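Here is a short briefing on one protein chain. Keep the structure open while reading the points.

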Amino acid sequence: MLSDSQIVLLRRWLGISRTRLFTAVITPCFIGAAVAFNDGLFSSVHFIVLVLGVIFAEMTALFLADWVEYKGIDVSRGRIIPSPRLEGSPMLSPEVLPPKYTIHAAATVAMTGLIVLAYFVLERGWAIFTFLGVAAVISALYAAPLFRYAFFSTALLPPVVAFGTYFALSGMPGWQAGLSALPILFLSAAVIYTYRVLYEPR
């Protein structure tokens with residue numbers, strides 16, 4: 001049984017260890033790209049642009065989540081309790097970016113991501129919005145959960161990203177890419193459970 005001080009130390013370590021390399025979304029990109037490469041459909045230019053777009057999208061979601069937490073918005077419990085500081089591991093340290101400005105950072109990054117979106121709409125057509133819509137719903141459930149544990153929806157991102165990567169590189173659907181990312185889905189769910197549920201305050 002862990003003592004209170006050990007739990008606090010563990011939660012801090014889990015917060016600090018939260019990736020700054022966007023592993024959860026970059027890894028599925030590489031999976032989708034690997035499948036496309038194996039099928040002879042890989043494009044280095046499209047891949048580089050896509051990775052940048054995925055990073056911008058992830059940054060937008062994280063900034064929005066930090067702003068919602070700063071505002072104390074808890075949709076699932078119907079209450080607003082402003083927090084004096086951001087728990088866990090914010091996108092940027094409050095000393096670097098005051099929490100009240102995270103909404104501005106989210107808007108700035110989102111605008112940059114829209115440029116990437118426009119590029120792929122021109123390259124692959126309007127079907128690209130299908131992947132964007134699914135990812136947007138998942139991100140919204142993470143940033144402002146409508147029900148308890150809605151943040152587990154982020155575990156669904158790896159297959160979506162891998163499938164979307166294959167489509168962005170080839171212009172064709174590739175179910176094998178999405179299926180190849182299923183192990184990351186289960187791993188992500190386990191990490192989320194450890195970080196957000198197992199050691200959450202009682």
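**Overview**

Of the 202 residues of the protein chain, 42% count as buried. The model is predicted. Eight helices and two strands make up the secondary structure of the protein chain. Read from the N terminus, the order of elements is α-α-α-β-β-α-α-α-α-α.

**Surface and contacts**

- The protein chain has an accessible surface of about 11600 Å². Carbon and sulfur atoms hold 71% of that surface.
- Take the contacts in the protein chain with a separation of 6 or more: 72% of them join residues 24 or more positions apart.
- One example of distant positions brought into one region of space is Ala61 with Leu141: 80 residues apart in sequence, they are 9.9 Å apart in space, C-alpha to C-alpha.
- Ala61 sits in helix H3, which covers residues 44-71. Its relative accessibility is 8%, so Ala61 counts as buried, the cut-off being under 20%.

**Helix H4**

- Helix H4 covers residues 102-124, which is 23 residues. At 1.5 Å a residue it should span 33 Å. Its end C-alpha atoms are 32 Å apart, so the model agrees with the expected span.
- Which residues of H4 are buried? They are Thr102, Ala105, Ala106, Val109, Gly113, Val116, Leu117, Phe120 and Val121.
- Gly125 comes just after H4 and takes a positive phi of about 90°.

**Aromatic pairs**

- A pair of aromatic rings is described by two values, the distance of the centres and the angle of the planes.
- With centres within 6.5 Å as the rule for a pair, the count comes to nine aromatic pairs.
- Phe131 and Phe167 form one tilted pair, at 5.3 Å centre to centre and 45° between the planes. This pair links distant parts of the chain: Phe131 lies in helix H5 (residues 128-143) and Phe167 in helix H6 (residues 157-170), 36 residues apart. Both Phe131 and Phe167 are buried.
- Phe163 and Trp175 have ring centres 4.7 Å apart. Their planes are at 50°, so this pair is tilted: the tilted class lies between under 30 degrees for stacked and over 60 for edge-to-face.
- The pair of Phe163 and Trp175 also links distant parts of the chain, with Phe163 in helix H6, Trp175 in helix H7 and their positions twelve residues apart.
- Is each partner buried or exposed? Phe163 has a relative accessible area of 11%, so Phe163 is buried. Trp175 has 63%, so Trp175 is exposed.
- Ring pairs also link Phe30, Phe37, Phe42 and Phe47 into a cluster.

**Nonpolar surface patch**

- Trp175, Leu179, Leu182 and Phe186 make a nonpolar surface patch of about 490 Å².
- Which helices each supply at least two residues of the patch? They are helix H7 (175-180) and helix H8 (182-198).
- Phe186 is in helix H8. At 57% relative accessibility it counts as exposed, because exposed means over 50%.
- Trp175 belongs to two of these topics: it is part of the nonpolar patch, and its ring pairs with that of Phe163.

Notes: Residues are numbered from 1 along each chain as its sequence is written. This is a predicted model: local features need pLDDT of at least 70, side-chain atom pairs count only at pLDDT 80 or more; totals for chains, interfaces and linings use all residues. Side-chain values use heavy atoms; hydrogens and water are left out. Helices (H or I, at least four residues) and strands (E, at least two) are DSSP runs, numbered from the N terminus. The expected span of a helix is 1.5 Å times one less than its number of residues. Buried means under 20% relative accessible area, exposed over 50%, partly exposed in between (1.4 Å probe, protein chains only). Patches are made of residues with over 30% relative accessible area and no salt bridge: like charges are joined within 9 Å, nonpolar side chains (Val, Leu, Ile, Met, Phe, Trp, Tyr) within 5 Å. Accessible areas come from the Shrake-Rupley method with a 1.4 Å probe; for residues, only the protein chains shown count as cover. A salt bridge is a side-chain nitrogen of Lys or Arg within 4 Å of a carboxyl oxygen of Asp or Glu. Rings of Phe, Tyr and Trp (its six-membered ring) pair if their centres lie within 6.5 Å; planes under 30 degrees apart count as stacked, over 60 as edge-to-face and the rest as tilted. Contact means heavy atoms within 4.5 Å.
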